[in-house]
Amino acid sequence: MTATQIILLIVAYFIVLLLISYFTGKNDSNADFFKAGKKSPWYLVAFGMVGASLSGVTFISVPGWVEASQFGYFQVVLGYLVGYFVVAFVLLPIYYKLNLTSIYEYLLERFGKVSHKTGAFFFFVSRVLGAAFRLYLVAIVLQQFVFDDFGIPFEITVIISILLIWIYTNKGGIKTIVWTDTLQTAFMIAAVVLSIILINRELDWSFGEFLVSEELKQYNKVLFTEDFLARNHFIKSFVGGMFVTICMTGLDQDMMQKNLTCKNLKDAQKNMVSFSFVLVGVTFLFMLLGALLFMYANQNTITMPLMDGNPKTDLLFPEIALNSGLGLTLSITFMLGLIAAAYSSADSALTSLTTSFCVDFLNLEKKEEAEKKRVRKRTHIWMSLALIIVIIAFKYILSSNVIDSLLTVAGYTYGPLLGLFAFGIFTKHKIKDRYVWIVSILSVILIAIIANVDKAYLGGYVLGYELLPLNGLLTFFGLWCIRHKNNNLKNTR
């Protein structure tokens with residue numbers, strides 16, 4: 001598939017998104033931008049959330065990680081499943097009871113202004129980095145396989161990508177995204193299924209023959225229980241995955257904003273439960289695809305693509321899909337899936353960042369009605385610029401696999417949120433609100449120190465995704481230390 005053909009495909013795809021934006025953004029109201037009028041069908045939200053959760057990271061990085069980790073990532077995914085049930089039956093009832101626009105308003109109700117701002121700040125950092133990770137991965141693929149042929153620098157690729165997202169989310173916000181995510185999820189799932197079928201056909205296998213093949217056995221080990229000290233031990237991965245979901249979904253304005261557009265709590269819970277099972281199944285398909293890609297590359301002596309002179313497994317899927325001669329159908333399927341994966345997460349991230357910043361930092365609800373829309377639109381532009389800067393920075397500082405980097409960063413940034421919400425939900429204590437930001441910062445610093453302790457000092461124990469619950473526990477302990485001894489006291493705000 002030529003670079004020109006890919007450009008034409010991207011243009012056609014965005015024309016469809018702009019049409020959806022036109023029909024869903026006619027009101028251009030804050031109520032639709034933030035909550036979609038609370039009229040979204042739960043099944044539509046559930047299906048769309050699959051694409052938003054998977055993103056370009058899953059689409060490219062999970063298949064590219066199979067050779068190094070086999071199917072060990074599925075241990076984390078099983079933890080995700082349990083985490084989604086916690087979100088559905090512990091967190092969602094709280095959010096609906098308080099009728100929140102930003103979920104961090106809960107911290108204002110429970111503890112005070114400083115807690116509210118602290119929680120919103122950590123979400124802001126988490127979501128900017130998370131969205132940047134996801135879009136960065138897609139940007140480097142577009143750069144290597146499309147824009148390099150036209151002599152367009154990486155920085156311009158990023159600017160164009162964010163500009164396109166800003167255009168179709170500017171008016172409709174979350175109302176537009178509920179519908180565009182549905183389309184994007186359909187493209188993603190179609191892409192992975194068709195890729196598996198077409199590559200199997202090229203290898204002269206049926207799907208059943210592939211599943212029982214000796215070649216697959218080199219990659220398909222799921223459970224790692226031999227060495228508890230290792231980073232990928234089942235218990236560590238499972239528990240880490242559970243807390244990653246609780247934090248990156250249940251304590252994340254991006255994911256919860258979609259749930260809060262459902263008509264009522266019951267619909268939101270049906271959405272979360274059904275979405276969780278579909279997501280687990282689709283993620284397993286991505287790992288099967290990863291094994292197929294490495295098997296096909298070995299059989300056809302395809303060398304690993306280079307980026308800045310270094311082999312990059314994240315680029316194996318696009319290399320095979322676009323350059324290995326498997327046909328135009330696979331190329332088109334891959335590009336549609338890739339574009340959908342990128343923008344299904346980046347567009348909702350941009351919208352949620354705008355929502356959180358307006359509500360949590362700019363106190364939008366207290367402003368005059370005429371001013372509210374102007375503030376929201378200006379904030380939407382500033383959030384777009386923030387994403388551009390961070391994505392460009394990643395090109396020069398990121399070295400490891402993107403999915404691994406994303407989950408590692410989550411251990412630092414979501415830990416304080418986990419501690420704050422857990423303390424609020426599972427205790428009745430009031431706290432000295434003015435000290436919350438100090439507790440949260442100290443917790444992150446301690447986790448950074450612990451994460452860099454040489455494993456020799458830990459008896460060979462390698463720290464992994466359990467850093468996230470540990471971070472939450474440290475924050476919880478810090479909040480316990482600043483609690484009011486007499487619960488009849490009012491919050492110190």
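A residue counts as buried when its relative accessible area is under 20%. By that yardstick, 58% of the 493 residues of the chain are buried in this predicted model. Two cysteines belong to that group: Cys 247 is buried, with a relative accessible area of 0%, and Cys 358 is buried too, again with a value of 0%.

Cysteines bring up the matter of cross-links. A disulfide is a covalent bond between the sulfur atoms of two cysteines. With sulfur atoms needing to sit within 2.5 Å of each other to qualify, the count here comes to zero disulfides.

As for the overall build, the chain has 19 helices and two strands. Contacts often reach a long way along the sequence: taking those between residues at least 6 apart, 86% join residues at least 24 apart. On the outside, the chain exposes about 19500 Å², and 65% of that area comes from carbon and sulfur atoms.

Then there is the empty space. Rolling a probe the size of a water molecule over the atoms shows where such space is left. The largest pocket holds about 300 Å³. Two elements, α5 (105-110) and α6 (113-145), each give two or more residues to its lining. Among the lining residues are Glu 105, Leu 108, Glu 109, Lys 113, His 116 and Lys 117, along with Val 359, Asn 363, Glu 365 and Lys 366 from further down the chain. Leu 98 and Leu 100 also line this pocket. Sorted by class, the lining has six charged residues, four nonpolar ones and two polar ones.

Notes:
Residues numbered from 1 in each chain as written. Predicted model: local features only at pLDDT ≥ 70, side-chain atom pairs only at ≥ 80, totals over all residues. Heavy atoms only, no water. 1 Å grid on protein atoms, 1.4 Å probe; cavity = no way out; pocket = protein on both sides within 12 Å on 5 of 7 lines; lining within 4 Å. Points joined across faces, edges and corners; volume = space filled by probe spheres on them. Helix = DSSP H or I, 4+ residues; strand = E, 2+ residues; numbered from the N terminus. Nonpolar A, V, L, I, M, F, W, Y, C, P; charged D, E, K, R; others polar. Buried < 20%, exposed > 50% of the residue type's maximum accessible area, 1.4 Å probe, protein only. Contact = heavy atoms within 4.5 Å. Areas by Shrake-Rupley, 256 points an atom, 1.4 Å probe, with all protein chains shown as cover.
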